Amino acid sequence: MKSKAEHWDAIFAKTASRELGWYEGDFSLSLQFLNQIENWQTATIFLAGAGTTNLIDELLVTNAKLIVNDISAEAINILNGRIGEKAKSITWLCQDISAPLPNFLPPIDIWFDRAVLHFLVDDKDIVSYFKNINSFVKIGGHVILAEFSKTGALKCAGLNVHRYSLEELTNNLGADFQLINHLETNFINPRGDLRPYIYGLFKRIK
């Protein structure tokens, strides 16, 4: 049986970025949520599961300090190679996002997760994910979560997913976080399939 990392390595090795089910060529919605955070262009931004996203290119033209994580070494190698010299300005991590993050990381201003959390289906992994958020997102920092909604698909990339309501996202973050804004939207993937998502923007208040 393949490990999680092997599963994702195989996907990124055999599938072009533009054919991945979560690929988006238009980042206006992500930028819409980022633009609700004052001075985000100079923030320390943690990408919970970057994959091979082209959103990196949008972020690299700012003065943001990027910490980029993915469970797949294959995805990181592809992304690293594509952006070339700019890769040197990024802090790279390759790990399961439900495992404890390394202590050397700085406090995080913005935790950004599009389509990562919903791949965690075991309760202990979900708890560990939110423990990472609580350990590293600073007071006054923000969390952006964009996950399959309750009406979303049951599986993605050959894996079962955990679909979310706004209430569940809010409860998992806990009382230290305040909901700032949210949106339910339908994403059309490269195969033309409709994927309902829920977006939430939260601020750490204590």
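**Exercise 1. Work out the strand order of the open sheet of seven strands and find its edges.**

Start with the order: the seven strands of this open sheet line up as 3-2-1-4-5-9-8, and the pairing is mixed. Pairing here takes at least two DSSP bridges between two strands. Helices (H or I, at least four residues) and strands (E, at least two) are DSSP runs counted from the N terminus.

Next, the edges. Strand 3 (91–93) and strand 8 (177–188) each have a single partner strand, so one side of each has no neighbour in the sheet.

Last, the twist: on average, neighbouring strands are turned by 15° against each other, direction ignored.

Before going on, a word on the model. It is a predicted one, where local features need pLDDT of at least 70 and side-chain atom pairs count only at pLDDT 80 or more, while totals for chains, interfaces and linings use all residues. Numbering runs from 1 along each chain as its sequence is written, and side-chain values use heavy atoms, with hydrogens and water left out.

**Exercise 2. Describe the surroundings of strand 1 (residues 44–47).**

Look at the two faces first. Thr-44 and Phe-46 sit on one side, Ile-45 and Leu-47 on the other, and all of them are buried. The cut-offs are under 20% relative accessible area for buried, over 50% for exposed, and partly exposed in between, with a 1.4 Å probe and protein chains only.

Now go to the partners. Strand 2 (residues 65–69) runs parallel to strand 1 and is joined to it by four bridges; Ile-67 is the strand 2 bridge partner of Phe-46. Strand 4 (residues 108–114) also pairs with strand 1 in the parallel sense, over three bridges, and there Phe-46 faces Trp-111.

Finally, trace the connection: strand 1, helix 3 (residues 55–60) and strand 2 build a right-handed β-α-β unit. Right-handed means that, with the strands pointing away from the viewer, the path from the first strand over the helix to the second runs clockwise.

**Exercise 3. Is Phe-112 buried or exposed, and what is it in contact with?**

Place it first: Phe-112 belongs to strand 4. Its relative accessibility is 7%, so it counts as buried.

Then list the contacts, meaning heavy atoms within 4.5 Å. Skipping neighbours within four places in sequence, Phe-112 touches Ser-30, Ile-45, Phe-46, Leu-47, Ala-48, Leu-55 and Ile-144.

One distance to check: Ala-146 is 34 residues from Phe-112 in sequence, yet their C-alpha atoms are 8.4 Å apart.

**Exercise 4. Follow strand 9 (residues 194–204) and its two partners.**

Take strand 5 (residues 137–148) first: seven bridges tie it to strand 9, antiparallel, with Phe-148 partnered by Tyr-197.

Strand 8 is next, also antiparallel to strand 9, with 11 bridges; Asn-181 has Leu-201 as its bridge partner in strand 9. Strands 8 and 9 form a hairpin with five residues between them, and Gly-192 in the turn has a positive phi of about 90°.

Then check burial: nine of the 11 residues of strand 9 are buried, so the strand is largely enclosed by the rest of the structure.

**Exercise 5. Compare two helix pairs by angle, distance and contact residues.**

The recipe: two packed helices are described by the angle between their axes and the distance between those axes. Axes are lines fitted to C-alpha atoms, for helices over the stretch in contact, with angles from 0 to 180 degrees between N-to-C directions.

Helix 5 (residues 123–136) and helix 6 (residues 166–173) pack at about 60°, axes 9 Å apart. That makes helix 5 oblique to helix 6; under 35 degrees would be roughly parallel, over 145 roughly antiparallel, 65 to 115 roughly perpendicular, and the rest oblique. Ile-126, Phe-130, Ile-133 and Asn-134 of helix 5 meet Leu-169, Asn-172 and Leu-173 of helix 6.

Sorted by type, this contact has five nonpolar, two polar and no charged residues. Nonpolar covers Ala, Val, Leu, Ile, Met, Phe, Trp, Tyr, Cys and Pro; charged covers Asp, Glu, Lys and Arg; the others, Gly among them, are polar.

For helix 1 (residues 4–14) and helix 4 (residues 73–83), the axes come within 7 Å and cross at roughly 40°, which makes helix 1 oblique to helix 4. Asp-9, Phe-12 and Ala-13 of helix 1 meet Ala-73, Glu-74, Ala-75 and Ile-78 of helix 4. The split is five nonpolar, no polar and two charged.
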